[in-house]
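Hi there,

Here is the structure I promised to pass on. Have a look at it first, and my notes follow underneath.

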Amino acid sequence: MQAWRVHRNGEPSEVMELEETGRPAPGDGQVLLKVRAANINFPDALLCRGHYQVRPPLPFTPGVEICGETEDGRRVLATPSLPEGGLAEYVVADEASLLPVPDALDDAEAAALHIGYQTGWFGLHRRARLQAGETLLVHAAAGGVGSAAVQLGKAAGATVIGVAGGPEKAAIARELGCDLVIDRHSEDIVALVKEATAGRGADVVYDPVGGDAYAKSVKCIAFEGRVVVVGFASGTIPAPGLNHALVKNYSVVGLHWGLYNTKDPAAVRACHDELTELADRGAVKPLVSERVPMAEAARAVQRVADGTSTGRIVVLPSGGAR
């Protein structure tokens, strides 16, 4: 089979190589899956660089989430077992963790439903306790993680303010349903959030960016607001001023979704049931901006690494437009 392999750490476009290799063999409690669609995530870039919290042994195949097909023809969502990731024609995954694909989604959309939307749901509902009528501020609103949070926030009845970089990404954030979009390249985030909320500020901030995004968020956070720290796509990890959190009476909460797979797997399945219901009634629909063939995967991962992509880029191993 074909699989992308990383033999040394570095930039994805430089270290990913498409190779012929043998199919992985399932271990106890695992199943072999044919990859129908593999969604590219920012962690795939971090894996290539050797900067992710999990560092698989070299060589490895990136790809942390897929829509796959079982031997009996069922479509399932899976997180492949590294070091044999999803940018391949076949993967193995733990059978107990497989989730059924919502009928409302095609393969590419389904591949993008799992990690990003689970992260958004747990971040907004379990960690931040977002309530209907509250104001949600979402950074990188046109990206894969941010677009999921925008849709989930609207489905929860929140007023959603999206932050995006540049006119093209701002237009996408508007199409996703943001009530207000702020172009961070040309507009003042703090001033516009305060203006839109009559001085109150955002009740919940969803931050997959870190760096300057976090610094500006805590300047426009509401009384008893909650900042959900999801990641650091900017490359800069903030150093929160706890005296500032004390004086302004807000909370900073972390979200590492992967821990729920081991600490509370029942919650992951319950979340998937909720996401399936939302997908079936059209309340959420992953924004798939591109569907690319296997040969273009390395360039696609690099674009995600560089922050130039919007929504999700999905790799289709068979080259179809599913």
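To start with a puzzle: which residues point one way from β15, and which the other way? Please keep in mind that this is a predicted model. Arg-312, Val-314 and Leu-316 are on one side of β15, with Ile-313 and Val-315 pointing the other way, and all are buried. This fits a general pattern: side chains in a regular strand alternate between the two faces of the sheet. Strand β15 covers residues 312–316, and since 5 of the 5 are buried, the strand is largely enclosed by the rest of the structure.

Next, the partners of β15. Strand β14 (residues 288–293) runs parallel to β15, and 5 bridges join the two. In this pairing, Pro-293 stands opposite Leu-316. Strand β3 (residues 30–39) is antiparallel to β15 and joined to it by 2 bridges; here Asn-39 has Val-314 as its bridge partner. There is a helix to add as well: β14, helix α12 (residues 297–306) and β15 form a right-handed β-α-β unit.

Helix α5 may also interest you. It takes in residues 144–155, and at 1.5 Å a residue these 12 residues should span 16 Å; the end C-alpha atoms are 17 Å apart, which agrees. Because 9 of its 12 residues are buried, α5 is largely enclosed by the rest of the structure. Among the buried ones are Gly-144, Gly-146 and Gly-153, along with Val-150, Gln-151 and Leu-152. After α5 comes Gly-157, with a positive phi near 90°.

Now for the nonpolar packing. The largest nonpolar core has 82 residues, and Leu-33, Phe-122 and Leu-136 touch the most other members. A second core lies apart from it, with 16 residues that include Ile-182, Ile-189, Val-227 and Ala-245. Going back to Phe-122, and leaving aside neighbours within four places in sequence, its contacts are Arg-127, Leu-255, Trp-257, Tyr-260, Ala-267, Val-268 and Cys-271.

Lastly, the cysteines. How many disulfides does the model have? The count comes to 0. Cys-220, for one, is in no disulfide, and the nearest cysteine sulfur, that of Cys-178, is 15 Å away. Cys-220 has a relative accessible area of 1%, so it is buried. Cys-48 counts as buried too, because its relative accessibility is 0%.

Enjoy exploring it, and do write back with any questions.

Best wishes

Note on methods
Residues are numbered from 1 along each chain as its sequence is written. This is a predicted model: local features need pLDDT of at least 70, side-chain atom pairs count only at pLDDT 80 or more; totals for chains, interfaces and linings use all residues. Side-chain values use heavy atoms; hydrogens and water are left out. Helices (H or I, at least four residues) and strands (E, at least two) are DSSP runs, numbered from the N terminus. The expected span of a helix is 1.5 Å times one less than its number of residues. Buried means under 20% relative accessible area, exposed over 50%, partly exposed in between (1.4 Å probe, protein chains only). A nonpolar core is a set of buried Ala, Val, Leu, Ile, Met, Phe, Trp, Tyr and Cys residues joined through side-chain atoms within 4.5 Å. Contact means heavy atoms within 4.5 Å. A disulfide is a pair of cysteine sulfur atoms within 2.5 Å. Two strands pair if DSSP finds at least two bridges between them. A crossover is right-handed if, with the strands pointing away from the viewer, the path from the first strand over the helix to the second runs clockwise.
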